Amino acid sequence: MRNPKINGLYAITPEFKNTNDLLDKTRQVLEGGVQLLQYRNKSANRTLLREQAGLLLLLCREYRVPLIINDHLDLAIEIDADGLHVGQQDAPLLNARNQLGCNKIIGASCYNNLDLAIKAEKEGADYVAFGAFFPSLTKPNTVLVTVDLIGEAKKKITVPIAGIGGIRLTNAKTVIQSGCAALAVCNDLFQSENIKIKAAQYAQLFAVTN
């Protein structure tokens, strides 16, 4: 189910211990028009990771939206997820590509480092993520990037760029206009009073901006 066109709203799940809550909120995100979903849970044990990832995959299949697993290469292989997202400290990208094959999506966090993005593209990444664009609740100590970096990156890499970090509906337009093909959003979606409407508003923002 590889989808090389990485664009639009890219939802990242918060760390929910309650699987039913996770599934309920994720369904609302999917109904709102998300284009990709990443399962990210750094605190769950192996049993909970497997349970949640497997159920999310079934849910994503309903909406024909790719499910990307954060960090856990073995889990992505085990449930046959649609892809994997790796950070600098996670599974080496080349190793991930070799094990997942050419039909899976692989994304790489490049923070504010263009050299990492160039390397990731050479090693087979389908997209790279730069961020944080703004102060983030998920990663409060991360480095910030500027829109100028995206312009420079687009001159040197051809894979799509996802913007991440502190993105809200009120500042998202700036990130899209910088050249990012996708917006990776967590808290502004999942903590919204009406998740489906918020997701739809993001989708509409892409339609208006692009």
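In this predicted model, the second largest pocket holds about 230 Å³ of space. A set of 14 residues lines the second largest pocket, and those closest to its centre are G87, Q88, L116, K119 and E123. Two or more residues of this lining come from each of β5 (105–111) and α5 (114–122). By residue class, the lining of the second largest pocket comprises 8 nonpolar, 3 polar and 3 charged residues.

The strands of the model form a barrel. In this barrel, 8 strands close in the order β1-β2-β3-β4-β5-β6-β7-β8, with parallel pairing. From one strand to the next, the twist averages 25 degrees. Strand β4 (residues 83–86) runs parallel to β5 and is joined to β5 by 4 bridges. Within this pairing, I105 of β5 stands opposite G83. On to the next strand, β5 and β6 also run parallel and are joined by 4 bridges. Here Y127 in β6 is the bridge partner of G107.

Closure of the barrel involves β8. β8 pairs with β1 in the parallel sense over 4 bridges, and L183 in β8 is the bridge partner of L9. The pairing of β7 with β8 is parallel as well and spans 3 bridges. L183 in β8 is also the bridge partner of G163.

Burial was examined for two of these strands. In a regular strand, side chains alternate between the two faces of the sheet. For β6, Y127, A129 and G131 lie on one side and V128 and F130 on the other, and all are buried, so both faces are covered. All of β6, 5 of 5 residues, is buried, and β6 is therefore largely enclosed by the rest of the structure. Strand β8 (residues 182–185) likewise has both faces covered. On one side of β8 are A182 and A184, on the other L183 and V185, and all of these are buried.

Rolling a probe the size of a water molecule over the atoms shows where empty space is left. Across the whole structure, a search finds 1 cavity of 30 Å³ or more. The largest cavity contains about 40 Å³ of space. Its lining is formed by Y10, I12, Q38, H85, Y127, A129, A162, I164 and A184. At least two residues of this lining are supplied by each of β1 (8–12), β6 (127–131) and β7 (161–164). The lining of the largest cavity divides into 7 nonpolar residues, 2 polar residues and no charged residues. Two residues of β6 in this lining, Y127 and A129, belong to one side of that strand. A184, also part of the lining, shares a side of β8 with A182.

The disulfide count comes to 0. C186 is in no disulfide, and the nearest cysteine sulfur, that of C60, is 15 Å away. A disulfide requires the two sulfur atoms to be within 2.5 Å, so this separation excludes a bond between C186 and C60. With a relative accessible area of 12%, C186 is buried. C102, by contrast, has 52% relative accessibility and counts as exposed, the cut-off for exposed being over 50%.

Several backbone features depart from the usual pattern. Most residues other than glycine have a negative phi, and most peptide bonds are trans. The peptide bond from G131 to A132 is cis, with omega near 25 degrees. G131 is one of the buried residues of β6, whereas A132 is found in the loop between β6 and α6 (147–156). R64, which is not a glycine, has a positive phi of about 55 degrees. This residue lies in the loop between α2 (46–63) and β3 (67–70), and R64 is exposed, with a relative accessible area of 71%. D80 is not a glycine either, yet has a positive phi of about 60 degrees. The loop between α3 (73–79) and β4 contains D80, which is partly exposed at a relative accessible area of 43%.

Helix α9 (residues 195–209) includes V208. At 56% relative accessibility, V208 counts as exposed. V208 and L30 are separated by 178 residues in sequence and by 20 Å in space, C-alpha to C-alpha.

How values were computed
Residues numbered from 1 in each chain as written. Predicted model: local features only at pLDDT ≥ 70, side-chain atom pairs only at ≥ 80, totals over all residues. Heavy atoms only, no water. 1 Å grid on protein atoms, 1.4 Å probe; cavity = no way out; pocket = protein on both sides within 12 Å on 5 of 7 lines; lining within 4 Å. Points joined across faces, edges and corners; volume = space filled by probe spheres on them. Nonpolar A, V, L, I, M, F, W, Y, C, P; charged D, E, K, R; others polar. Pairing = 2+ DSSP bridges. Axes fitted to C-alpha atoms, helices over the stretch in contact; angles between N-to-C directions. Buried < 20%, exposed > 50% of the residue type's maximum accessible area, 1.4 Å probe, protein only.
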